[in-house]
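Colleague: Hey, can you walk me through this one? I'm new to it.

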Amino acid sequence: MKKSAILRPTRRDVVRTIGAAGLGAATSGPLMQRAFAQTKKPVEISFWTFDNPQQRPWVHKRVKLFMQENPHVKVDFQWFAFADLGKKVSVGFATGTAPDGFVSQDWFMPTWLDKGLLAPLDTQRLGYPSYAAFTGDFAKAFVDGATMDGKVYGYPLWFYGYCNYLNSKQFKEVGLDAEKDWPQSWDQLGEVAKRLTVKDGDKFVRQGFKFAMHSSQWTMIQFNPILIQSGGKWFDDAGKCTVNSDAGVRAMTIRASIAQKYGAEDPADSIATNPVPGMDFLKERASMFFCHPIPFDLVKVNNPAMLEGGYFRPVQYPGVQTGKGNSTTYGFNLVINAKAAAEKQEALHDLYKFIMSDLIDCWKDTAPFTLGRKTGWADNAEVQKFPHVNEIIRAKDEGVFLPRSLVFNELADSMHRAVQKVMLSKAGIKATLDEAAAEVDRATAAYKKA
Amino acid sequence: MADLTSINPYASGNLSGPPPAVSRFWQMHHRQRIRLWGIAFVLPTLLFFAVFKYGPMMWAIELSFNSYDMVSAPRFIGLDNYRELAADPIFRETLLNTFVYIAGSTILTTIVGLSLALAINTGIPGARYCMTAMFLTNLMPIIAVCLVWRFLLHPYGLVNQILQPLGVGRIDWLTNSWTALPAIIMVTVWRFAPYFMVVFLAALLALPEDYYEAAELDGAGAFRRFIHITLPLLMPTIFFVVVVSALLCARIFLMPYLITGGGPGNATRVLSMLIYETGFSYLKMGQAAAISVVLFAIMLVFTAFQIRLFARSEQVYM
């Protein structure tokens with residue numbers, strides 16, 4: 001019997017064909033992706049940042065999303081306590097275990113740059129057509145710390161200024177209106193704080209104002225604008241520390257006045273801790289407190305009633321001259337280790353570009369920590385609806401910077417000791433500042449010699 | 001005569017040529033073999049100490065004569081680090097704080113530890129339970145201890161609240177430069193005295209009863225028995241506790257770091273904190289190494305006393 005040359009497909013054949021086509025369609029996507037990824041060489045990079053309940057999880061989220069979209073890149077993400085990150089990185093550099101990329105606090109940039117530890121960034125790879133376009137997207141003061149010799153070494157992430165946070169409920173209790181009666185000068189701050197103070201004999205039931213005294217970095221952030229407003233400088237042109245000048249003495253006198261002249265603060269009485277320096281304010285033991293932007297989550301955890309009632313608000317730092325107050329602005333840069341391999345540096349550029357590509361998402365997760373970049377977030381409705389956001393942005397834009405000194409840590413520790421001596425041991429201001437300046441000058445001389 | 005050929009093929013003289021090492025081993029005198037086995041057993045530990053203890057120690061001493069910022073290569077600068085330290089008022093103040101801390105903590109820990117041991121040794125009901133409860137302070141994590149004491153010593157903390165009805169006014173324990181270091185000493189004694197109480201108790205229990213019986217027969221009271229019998233017999237233990245306590249206190253870091261951060265001013269900054277800050281905050285590893293050499297020298301003095309003490313104790317008991 002002759003077989004037909006043409007094979008007629010059976011129903012079973014048709015079903016098999018459809019099934020095979022479906023299976024092929026289902027697997028082709030991942031397989032093609034894998035095939036495509038396999039054409040890119042796998043890269044493993046290490047990235048370190050500081051811990052913060054809002055900021056660190058957001059960065060981690062962006063890193064994870066980046067890895068999903070770039071499966072050939074694996075990021076070893078680690079974080080450390082805020083005060084320890086700089087030390088960890090420096091030990092890492094010493095032992096050859098420094099991360100490929102990390103978040104650098106602004107005041108450490110001079111140290112890394114002086115020792116040639118950072119790689120210059122390719123602004124085009126970050127999405128900017130030129131160096132000028134990059135620097136134009138940030139306030140000059142922000143990029144001054146991240147640029148050197150026409151090259152960019154840091155991508156500013158968060159930059160924010162300190163505000164004076166008020167407890168408006170306590171203002172009302174003493175017949176003041178936080179919207180109108182917020183102190184615009186140091187004398188006004190003292191007077192208002194005195195009015196807000198509540199005492200039971202010698203014991204403070206409520207302090208009118210509180211300076212945080214738990215760490216040297218906070219001491220610097222708080223003292224810095226007072227010194228600048230008083231007409232002082234940290235260093236003269238020859239590099240000599242001038243904190244003990246007449247302006248420095250005026251600044252320290254202002255610093256001490258809230259406790260010593262107005263009796264509105266007890267420097268020894270504080271429940272602040274390193275993780276929550278604003279605890280006295282959040283627990284309503286103090287009516288006013290200088291602080292970085294305070295996230296709502298922090299308020300909710302420590303004082304839900306304060307968040308529900310909405311009776312806390314930021315205002316500008318007071319000034320030596322009324323209405324001309326400004327605080328300290330400081331921030332954080334995304335940087336790359338100069339010793340990272342070329343392909344790792346490329347991957348980090350892509351990572352940083354990705355991290356910075358959705359600043360509204362950043363704001364949603366980390367508000368009210370303001371971003372360093374000018375574009376892409378501040379005018380957004382999501383940002384504008386945050387209570388008092390314009391005060392917070394103004395503090396950032398008008399703030400003065402911490403001295404970007406190669407001996408910043410020695411300077412900060414010396415000033416911290418000086419403030420403690422003046423406030424806690426009631427030491428003479430001039431003599432104490434002379435000691436502090438001498439310590440800093442010794443540190444500068446030792447650095448130059450080394 | 002025993003047949004040694006099964007274990008030493010060269011014993012019969014049948015094999016010629018230079019004997020391999022193993023065979024040389026078996027040809028050695030018995031005492032020499034024992035000595036070599038001893039060296040073999042001790043060698044791993046010696047290597048461990050050489051690599052992880054003495055090697056880094058020697059490197060730190062060498063580093064103290066260099067300028068090293070952990071990034072560039074070390075640069076030899078001779079005695080400059082030591083000269084800078086001698087001229088640094090902060091170093092001098094920190095050194096003084098360290099001596100005060102060691103002296104205060106050691107003396108008080110010894111006295112309190114001995115007193116507690118004597119009290120436990122009276123055998124009153126519940127003494128053993130008290131001893132267990134007191135020893136728990138030694139088992140608590142040091143960080144938790146420091147954080148709790150920070151709040152206990154707050155101007156309105158529990159300590160001041162207990163003292164207030166006694167007519168004692170508010171004491172700013174941790175923010176007054178006169179009371180901050182004594183407060184740290186107090187916390188140190190609280191933590192370590194129970195540990196040495198156990199050491200003293202063991203020594204007390206080992207004292208022979210004959211002397212006490214003889215003294216009682218002669219009419220000596222409790223105080224005289226303590227002064228003329230207990231104390232002299234406990235001297236080796238007291239010296240041991242003093243030296244070990246001093247060595248522990250010389251290295252203290254976490255307590256002042258967590259409780260006061262070295263403040264107020266420089267009042268509670270001790271040498272170990274200065275080493276940490278100089279090395280890791282200021283990136284001056286050479287100078288940090290120089291400070292650690294100074295601390296090592298202080299501890300060496302105590303260790304020399306300890307070695308002499310044990311040598312004397314062995315002579316007494318032999």
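Modeller: Sure. One term to start: the helices (H or I, at least four residues) and strands (E, at least two) I mention are DSSP runs, numbered from the N terminus. Also, keep in mind that this is a predicted model.

Colleague: Okay, then where does A:Pro368 sit?

Modeller: A:Pro368 is in the loop between helix 15 (359–366) and helix 16 (381–384) of chain A. The peptide bond leading into A:Pro368 from A:Ala367 is cis, with omega near 5 degrees.

Colleague: And which residues does the cis peptide bond in chain B join?

Modeller: That one links B:Gly263 to B:Pro264, and omega is about 0 degrees. B:Pro264 is in a loop too, between helix 11 (254–259) and helix 12 (271–281) of chain B.

Colleague: Let's stay with helix 12 of chain B. How many of its residues are buried?

Modeller: 9 of the 11, so helix 12 of chain B is mostly covered. Among the buried ones are B:Leu271, B:Met273, B:Ile275 and B:Phe280. B:Glu277 is on that list as well.

Colleague: What comes just after that helix?

Modeller: B:Leu283, which takes a positive phi of about 55 degrees just after helix 12 of chain B, although B:Leu283 is not a glycine. B:Leu283 lies in the loop that runs between helix 12 and helix 13 (285–317) of chain B.

Colleague: Is B:Leu283 buried or exposed?

Modeller: Buried, because B:Leu283 has 26 C-beta neighbours inside 10 Å, and the cut-off for buried is 20 or more.

Colleague: Which residue in chain A has a positive phi without being a glycine?

Modeller: A:Glu284 is one, with phi near 60 degrees. You'll find A:Glu284 in the loop between helix 11 (279–282) and strand 10 (288–291) of chain A. A:Glu284 counts as partly exposed because there are 17 C-beta neighbours inside 10 Å.

Colleague: Changing topic: how is chain A divided into domains?

Modeller: The domain assignment gives two, each in two stretches of sequence: domain 1 of chain A is 41–160 + 330–401, and domain 2 of chain A is 163–326 + 405–449. Their C-alpha centres lie 28 Å apart.

Colleague: How many residues are in contact between those two?

Modeller: 21 residues from domain 1 of chain A and 19 from domain 2 of chain A. On the domain 1 side, helix 4 (109–114) and helix 17 (389–398) of chain A are the elements giving two or more residues. Helix 17 of chain A gives the most, with 5 residues. By class, that domain 1 side has 12 nonpolar, 5 polar and 4 charged residues.

Colleague: What about helix 10 and helix 18 of chain A, at what angle do they pack?

Modeller: Helix 10 (residues 246–260) and helix 18 (residues 408–424) of chain A pack at about 40 degrees, with their axes 10 Å apart. That angle is why helix 10 of chain A counts as oblique to helix 18 of chain A. The crossing of helix 10 and helix 18 of chain A is right-handed.

Colleague: Which residues meet there?

Modeller: From helix 10 of chain A, A:Met252, A:Arg255, A:Ala256 and A:Ala259; from helix 18 of chain A, A:Val419, A:Val422 and A:Met423. The contact has 6 nonpolar residues, no polar ones and 1 charged. A general point about spacing: an α-helix has 3.6 residues a turn, so residues three or four places apart point the same way.

Colleague: Nice. Give me the overview of chain B?

Modeller: Chain B has 13 helices and 2 strands, and 28% of its 318 residues are buried. Chain B is divided into domain 1 (21–63) and domain 2 (80–317), whose C-alpha centres lie 37 Å apart.

Colleague: Last one: how many residues of chain B are in contact with chain A?

Modeller: 21 residues of chain B, touching 20 residues of chain A. The chain B side is made up of 9 nonpolar, 8 polar and 4 charged residues.

Conventions
Residues numbered from 1 in each chain as written. Chains lettered and ligands numbered in written order. Predicted model: local features only at pLDDT ≥ 70, side-chain atom pairs only at ≥ 80, totals over all residues. Contact = placed C-beta atoms within 7 Å. Nonpolar A, V, L, I, M, F, W, Y, C, P; charged D, E, K, R; others polar. Domains from an automatic or database assignment. Axes fitted to C-alpha atoms, helices over the stretch in contact; angles between N-to-C directions. Parallel < 35°, antiparallel > 145°, perpendicular 65-115°, else oblique. Left-handed = near helix turned anticlockwise from the far one by under 90°. Buried ≥ 20, exposed ≤ 12 C-beta atoms within 10 Å, placed from the backbone.
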